[in-house]
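Biologist: I am new to reading protein models, and I would love a close look at how ring side chains meet their neighbours. Could you walk me through it in plain words?

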Amino acid sequence: MHAPVLVLNEGIKRETGNKVHYANIQASKAVADIIRTTLGPRSMLKMLLDAQGGIVVTNDGNSILRELDVAHPAAKSMIELSRTQDEEVGDGTTSVIVLAGEMLHVAEAFIEKAFHPTVICRAYSKALEDAIAVLDKIAIPIDVNDRPTLLKMVRSCIGTKFTGQFGNLIADLAIDATTTVSVETGNGMHEVDIKKYVKVEKVPGGQLEDSKVLKGVMFNKDVLAPGKMRRKILNPRIILLDCPLEYKKGENQTNAELIKEEDWGVLLKMEEEYIDKICSQILSFKPDLVITEKGLSDLAAHYLSKAGVSAIRRLRKQDNNRIAKACGATVVNRPEELQESDVGTRAGLFEVQKIGDEYFSFIVDCKDPKACTVLLRGASKDLLNEVERNLQDAMCVARNMIKNPKLVPGGGAAELTVSATLKQKSSSVEGVEKWPYEAVAQAFEAIPRTLTQNCGVNVVRTMTALQAKHANGENVWIGIDGNTGEITDMKERGIWDAYNVKAQTFKTAIEAACMLLRIDDIVSGIKKKQPQGGPTKPQSQVEDGENVDSEQMIPE
């Protein structure tokens, strides 16, 4: 059955009818099938070739999907889901796509039976409310100050990643980094800004076990005059500037006309006096280290090195802000406005070290730092990139736990509990909404089913046993161990999920499925290339719809 395609005028096409729903569902399922095998600890890796010819090896859902170049708008919408999930909670990027794809797959049968999309969406929304209520009921609170529990939680979340094989290493790094930058805002709330105050520095070479979280910051800079300035300072007094320590240049091109020869000497002397003045203002606070985001002239470097002060110039603004948070300094815009309270004194050591061929400055052993650097070592850049991606996910999970310390069972147990509860409640749903509501319950089983498939065990037998255990809403903690494929108690194995991640996955998947189901029209306004014979007269005609999904309809 083909829906008509109406050509409105030159280059504008419109696709209508049930064909749109089928096309959207097929495109979404295709995206879900690409990353289905990357779910769980025994998942497969994908090798991606990016636009620059580089290679990325990963099983992170968001990293895979953002490299895809797709033409269908529904597929693009699905890829956007993964990015949203990554930005919001940092984990569950694969689960959300698999679940959304399954939600659309079960809706296909109802579209064929002429159910109206609004009825399906209404049932889906009701099921979502009940699913979140079930999650609230089975979630258990934890104490964020209990490090072993937090470690177990983060470890189980990154157990599905490449770095899961390295034990507690990445989980330890993630917890240390997030607890360092966590700031209490009152009423038991915490603010954890990973993006601003945690810097991941990847240095090829060494072993992964050499990776560590510094009690301070490091950056890829050396002192300005290595022979004259100190490269190691204990308990340094640090001044941070956001202004150039050189003679002011004009905004535009500046011309100066000199009549006497002596005037040239006066002009040079004025420059020297200005630099001498700003250096004197800085040196009056007896600093050991001066760092500026702008330029620093040779003359200023001479005055500072003569006074035994080390200097670093042209540092990134973000790095400067991290140093300020770590050592208690304030970034100052003008040397004249310097005060004693602006000097950073909480750092225990400033040191320049050579790692490989490059020099790195370390400001470490800080007292109560609110910014930190994670130093990652590893054999190759590809390995380090994958470790960094896994570390970002682990830090996001640790941040979620600090902000909302609630756990739900992992290993598909939460989904099976939700599924069993929705099946029970479906009998009380009145009208035609009952069937789509029940279909949502079946769709939730996609997560444990995919985990079972990726383990390599018998899917039918395992899923039947799991459904029997969860039949009456009992055995909430019974799920599947993704490593062995055994049906076990998730509490005993320490396989958990963060409540935030699970709730966001359910909401995003169901809301996205509803949005795609409500689309009944695709209008393409991209102009086709005109034939060489010159422009043709616009015409309106009805085609038979054979090329609805062709490249003419939705070009790449």
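Here is what I would like to know: which ring does the charged end of Lys406 sit over?

Modeller: Happy to help, and please keep in mind that this is a predicted model. The ring you are asking about belongs to Tyr499, and the charged end of Lys406 is 4.3 Å from its centre. There is another lysine to look at in this way: Lys325 lies over the face of Tyr197, at 5.1 Å from the ring centre.

Rings can also meet other rings. Searching the whole structure turns up four aromatic pairs. One of them joins Tyr247 and Tyr274. Their centres are 5.6 Å apart and their planes make an angle of 90°, and because an angle over 60 degrees counts as edge-to-face, that is the name this pair gets. Now see where the two partners sit: Tyr247 is in the loop between strand E12 (238-241) and helix H9 (262-283), while Tyr274 is in helix H9 itself, so their contact ties together parts that are 27 residues apart in sequence.

Are these two tyrosines hidden from the surroundings or open to them? The answer lies in between. Tyr247 is partly exposed, with a relative accessible area of 30%. Tyr274 counts as partly exposed too, at 24% relative accessibility. The cut-off helps here: buried would mean under 20%. When you turn the model on your screen, try finding Tyr247 and Tyr274 together, and look for that edge-to-face arrangement.

Notes. Residues are numbered from 1 along each chain as its sequence is written. This is a predicted model: local features need pLDDT of at least 70, side-chain atom pairs count only at pLDDT 80 or more; totals for chains, interfaces and linings use all residues. Side-chain values use heavy atoms; hydrogens and water are left out. Rings of Phe, Tyr and Trp (its six-membered ring) pair if their centres lie within 6.5 Å; planes under 30 degrees apart count as stacked, over 60 as edge-to-face and the rest as tilted. Helices (H or I, at least four residues) and strands (E, at least two) are DSSP runs, numbered from the N terminus. Buried means under 20% relative accessible area, exposed over 50%, partly exposed in between (1.4 Å probe, protein chains only). A charge sits over a ring if NZ of Lys or CZ of Arg is within 6 Å of the ring centre and within 35 degrees of the ring normal.
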